[in-house]
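Please examine the model shown below before working through the exercises. Each task is followed by a solution set out in steps.

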Amino acid sequence: MTLRHRLHRVLYVPLDDRPYNLKAPRLLAQMVDYEMVVPPTETLGRFRTPGQPDEIANWLRAHAGSNIDCVLLSLDMLAYGGLWASRSSGTRTQLAHERLAILKELREISPETPIYAYSILMRLGSITTSDSAAQHLESLVHYSVLAGEAEDSGDPEIAKQLSALERQIPPAVLGEYMAVRRRNHEVNLALAQQVADETLDFLVYSQDTASPQGLHRTEQGELEAACEALRVGDRVQFQTGADQIGMCMFARFVHAHMGKAPCVRVFMSPGAGDQAIPPAEDRTVTESLRRHLALIGAREATDADEQPDMLLAVNAPAPHDRSALHDPDTARAHREQARQFVGEAMDARKGRGLAVCDIAFPNGADDIFVQELISATTNLAALLTYAGWNSASNSIGSALAHGTLRLISLQDKGAFDLVRLVGDMSPMRYLSLLDSLIASEKAHIRFLMQRTADDWLYQARVRPRILDHICNGLRSGLFDLASGYRQAEALMRDELTQAVTDLWIDQLLGRQCVSIGSDLAGDEQTALVLADLEETRLSLPWRRLFEIDMELEFGVQLVAAGDAEDE
């Protein structure tokens, strides 16, 4: 039994199998009671092993016509076998084009079904073929930036520097890098025509790790010109970041499908200023926020008197790097600013939902800020979302997607109450709908805990200690490289399991998620309350320290509303 008038199904081909590309969108779907159907895991590849585009295309052919409401596609997975494979030369240009012919087949199979797709614009300096080639990564990044500057400025001095740098990079390495860029760009140019032909209903080009200048800006300009010439600008968007796009595009579809355009008030800390360009990105924070709001189908509250649906509290990029916090005076001032901003955000929400986007530093949370947030919140489950991972755009996108879809799941609870109040509901239907409501709440908590545990507990606290331990172990001969992955994963599990348990007890155990029932007609209210954390399963999904995967098993209880701690 579903909370909706009928089952809604989305076919989703992810960018790769990492949790934020595969698991996170599925949790969002479960939270709003949509079914998200994905290809078999073994077809998606893993890390340096590419996915299987031909098998995924067959899977799409088999599923596209079966009562599907939307098809959401990573074109990098369909063309190359995933994000990692898109950075390598393993796929010829012609083969990539041939693989993307599946798009026209899907349109023929499902002429009325919306097809949303996204393609990642190649990051600067990426090389995946060998460890020896990877040694030239920094030189390739520098070359890419200088090449862009030389083209923009025509400065002979920059051209001279570029020529000197080119001689330092092995021709085979530079040749392959530029060939991959040309291939990807040619494929991306062809995608604009797919929008013009109405094969694709909506397309996103999103820029992976970059800088304000470089080869990528020329590529972006050519893509924008192609879209303008084809008059498809209203159906194509340009973004920054990669791993949040699947979540954002699902949120966009849900909002369009349900006729919603959530109003979001952005409340930003001073930090380095709203015109700061975050590390590894080519747009200001303000521009990234504006584009991501448009991507998910939301609008920003601009009138001070307008009542928004959600307050997005943004811990803006810091004016210093994370290492500066080792200085006691800097840390003290940072804590005071964080405490003040958290207090102001709590006041500014005015009874509206609060979403938190923590982009002070790349690759993990601002530890001091989250400490102050936790201290002021007392109930993590009451937040619409928290995000503080990888790049600023990653966090902005996932915070907006999760936060706005959480609003829908809370509205679903209200609809559940209304049905109980005005309808003649049988006990079986009531229990079935209650199961759907509980599944929605569990999905929200799992998403929230994945971000909080990964972004804060792991990235900001546990991971630095593991890296120190490994470095010290290598120096002393106590760390075995042959079993390094297993040792690192065991260290992570030992430290993080306890930290997650402590956070659960402190912030979630016994806390109310939602109340059920209406005061009208004397309906007795009950509350859905979080019970014991029963199991925490942790792993390093790509056998590296960059990200974790987490599975939580926990109980929920229905209690009298007066016996539960408030939201």
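The exercises that follow concern a predicted model.

**Exercise 1. The length and faces of helix α14**

Determine whether the end-to-end distance of α14 agrees with the span expected from its residues, and establish which residues of α14 are buried and which are exposed.

Solution.
Step 1. Helix α14 runs over residues 328-348 and has 21 residues. At 1.5 Å a residue, the expected span is 30 Å.
Step 2. The end C-alpha atoms of α14 are 30 Å apart, which agrees with that expectation.
Step 3. The buried residues of α14 are Ala331, His334, Ala338, Phe341, Val342, Ala345 and Ala348. They lie on the same side of α14, because they cover an arc of only 125° around the axis.
Step 4. An α-helix has 3.6 residues a turn, so residues three or four places apart point the same way.
Step 5. Pro328, Arg332 and Asp347 are exposed on the other side of α14.
Step 6. The partners of the buried residues of α14 are the strands β7 (263-268) and β9 (310-315), together with the helix α15.

**Exercise 2. Residues with a positive phi**

Locate Asn363 and Thr378, and state whether each is buried, partly exposed or exposed.

Solution.
Step 1. Most residues other than glycine have a negative phi.
Step 2. Asn363 is not a glycine, yet its phi is positive, at about 60°. Asn363 belongs to the loop that joins β10 (353-358) to α15 (367-377).
Step 3. The relative accessible area of Asn363 is 32%. Asn363 is therefore partly exposed.
Step 4. Thr378, also not a glycine, has a positive phi of about 65°. The loop between α15 and β11 (385-387) contains Thr378.
Step 5. With a relative accessibility of 45%, Thr378 is partly exposed.
Step 6. A further positive phi, near 50°, is found at Lys350, which follows α14.

**Exercise 3. The surroundings of Ser211**

Describe where Ser211 lies, decide whether Ser211 is buried or exposed, and identify what its side chain reaches.

Solution.
Step 1. Ser211 is placed in the loop between β5 (202-207) and α11 (215-230).
Step 2. The relative accessibility of Ser211 is 16%. Buried means under 20%, so Ser211 counts as buried.
Step 3. The Ser211 side chain reaches the backbone oxygen of Gln213 at 2.6 Å.
Step 4. Leaving aside residues up to four places away in sequence, Ser211 touches Leu124, Val145, His216, Glu281 and Asp282.

Key
Residues are numbered from 1 along each chain as its sequence is written. This is a predicted model: local features need pLDDT of at least 70, side-chain atom pairs count only at pLDDT 80 or more; totals for chains, interfaces and linings use all residues. Side-chain values use heavy atoms; hydrogens and water are left out. Helices (H or I, at least four residues) and strands (E, at least two) are DSSP runs, numbered from the N terminus. Buried means under 20% relative accessible area, exposed over 50%, partly exposed in between (1.4 Å probe, protein chains only). The expected span of a helix is 1.5 Å times one less than its number of residues. The arc is that of the directions from the helix axis to the C-beta atoms. Contact means heavy atoms within 4.5 Å. A polar contact is a pair of N or O atoms within 3.5 Å; within protein, one must be able to donate a hydrogen and the other to accept it, and residues adjacent in sequence count only if both atoms are side-chain atoms.
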